[in-house]
Amino acid sequence: MSDNTTNQGLEGITVAETRISDIDGESGELVIGGYPIEELATNATYEESIFLLLNGRLPTDRELANLRAKLAARREISDEVRAVLRRAAEEEKPAMDALRMGAATATIGTEDGTPQDDAQRVIAAFPTIVAAYWRYRQGKKPVAPREDLGHAANYLYMLSGEEPTDAAIRGLETYLNTVVDHGVNASTFTARVVVSTESDLVSAATAAVGTLKGPLHGGAPGPVLDMFKEVHESGEPEGYVRETLERGERLMGFGHRVYRVRDPRAAVLSTAAERFYEASSNTEFFETVQDLEECAVDILAEHKPDRRLETNVEFYTAALLHGLGIPKDVFTATFGVSRVGGWMAHCLEQLENNRVIRPRAHYVGATGRTWTPVGER
Ligand code: COA
């Protein structure tokens, strides 16, 4: 018989022990591999974060060079994968569908490897998949990855075909580090469930992409950017916020299931975005973003006095990625380019001490029925 206690959405249930990241929702702290997010995000390259996640400590010079070389060597995708991405782009499938198709076919032409090999393969291939899809969407040829560029720089290069500036590379490194892991969120849980059956890490990454696609998980920065543009044009943040709430809609980029204060990732990305916009002398757009935050937090406090609603990660993700020239259509896929590192680290951690993840459901359906033949129903 089943237990009658049901935790909708598994809220408050602890499903794993992890060394990867820790969140304190009350005080608004996020720690990755023991480092406060503010420190890791602004100092590390994405490769350093990946090493930390996969190995539990920062790499030495040599270890870092080794990981960079291994990832760089695994960036290429096969002609077959490119053909799938071209078709997806021609049919104007969303970027997350293309990333799911690319992830699922990423092992074509590769040898079976260890879980660690699979982890590196998908981490390395994700930027190439997204960039190739995006180039096809623009009616252009994909730009081949360059082994001499770092992970972040190479992604920007493959998207635009131009070598990125140091400021843009630093901006993207900061973004990729900031969102690389965040406890057992829905997509990370999905990845852990898949490998807990002793399936493989590429399957886990593919399933996790499907989970990240949903608007309740990774889909908010696109609508956030639309909101910025509308407010920037009208110059009326207050009117926008009040009208949105009066229509009974939620304000995108605010509120969080875990944080009861400002999302610490919003703070990191806000500083990174401010630095980037100031350096590029495009401060007006960013001023709109800041005005909107200030005004929305006040109005949300009036609107929901018993629930603190502050800026979440998606708000400044939209500002930063837009500033970096990353198209809105690939915002969520760019989140995937980062988060795949967290997924892979969680999969390896799950396998260290595995037990198949198999919760129960409380049955509330019919009972005591007797069979009626089809013609008599
Ligand atoms: N704008 C307006 N009201 C909001 C809100 C927002 N962004 N976020 C939450 N609320 C309100 C809800 O309407 C609800 O009010 P009610 O009790 O009168 O129904 C109350 O605050 C609690 O919301 P709840 O749905 O229980 O919060 P949650 O923890 O389940 O939701 C989010 C968290 C992120 C899904 C939610 O805040 C949201 O939808 N935000 C906007 C989308 C977004 O930015 N997503 C990215 C998340 S990183």
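## A walk through the chain, from the whole to the details

Buried residues make up 49% of the 377 residues in this chain. Keep in mind as you look around that this is a predicted model.

Let's begin with the overall picture. The chain holds 16 helices and three strands. Its C-alpha trace spans about 75 × 55 × 45 Å along the principal axes. How does the radius of gyration fit a compact globule? For 377 residues, such a globule would have a value near 21 Å, and the chain has 22 Å, so the two agree. Turning to contacts, take those with a separation of 6 or more: 77% of them join residues that are 24 or more positions apart. On the outside, the accessible surface comes to about 18,800 Å², and carbon and sulfur atoms account for 46% of that area.

Now step inside. The largest nonpolar core has 111 residues, and the members that touch the most others are Phe126, Leu172, Phe228, Ile326 and Met344. Helix α6, residues 115-137, gives this core its largest share, 13 residues. Where does the core sit relative to the domains? Domain 1 (21-216 + 331-352) and domain 2 (221-323) both contribute residues, so the core lies between them.

Phe126 is a good residue to zoom in on. Leaving aside residues up to four places away in sequence, Phe126 touches Leu99, Ala103, Ala205, Val209, Gly336, Val337, Val340 and Trp343.

Another residue to find is Trp134, which lies in helix α6. Is Trp134 buried or exposed? Its relative accessible area is 12%, and because buried means under 20%, Trp134 counts as buried. Again leaving aside residues up to four places away in sequence, Trp134 touches Leu159, Pro327, Asp329 and Val330. For a sense of distance, Trp134 and Thr174 are 40 residues apart in sequence, and their C-alpha atoms are 22 Å apart in space.

Our last stop is helix α12, residues 237-246, where the buried residues are Pro237, Tyr240, Val241, Thr244 and Leu245. These five cover an arc of only 120° around the axis, which means that they are on the same side of α12. What do they pack against? Their partners are α11 (221-234) and α14 (283-303). Follow the chain just past the end of α12 and you meet Gly248, which takes a positive phi of about 80°.

How values were computed
Residues are numbered from 1 along each chain as its sequence is written. This is a predicted model: local features need pLDDT of at least 70, side-chain atom pairs count only at pLDDT 80 or more; totals for chains, interfaces and linings use all residues. Side-chain values use heavy atoms; hydrogens and water are left out. A nonpolar core is a set of buried Ala, Val, Leu, Ile, Met, Phe, Trp, Tyr and Cys residues joined through side-chain atoms within 4.5 Å. Buried means under 20% relative accessible area, exposed over 50%, partly exposed in between (1.4 Å probe, protein chains only). Helices (H or I, at least four residues) and strands (E, at least two) are DSSP runs, numbered from the N terminus. Domain bounds come from an automatic or database domain assignment. Contact means heavy atoms within 4.5 Å. The arc is that of the directions from the helix axis to the C-beta atoms. The radius of gyration is taken over C-alpha atoms; the globule rule is 2.2 Å times the number of residues to the power 0.38. Accessible areas come from the Shrake-Rupley method with a 1.4 Å probe; for residues, only the protein chains shown count as cover.
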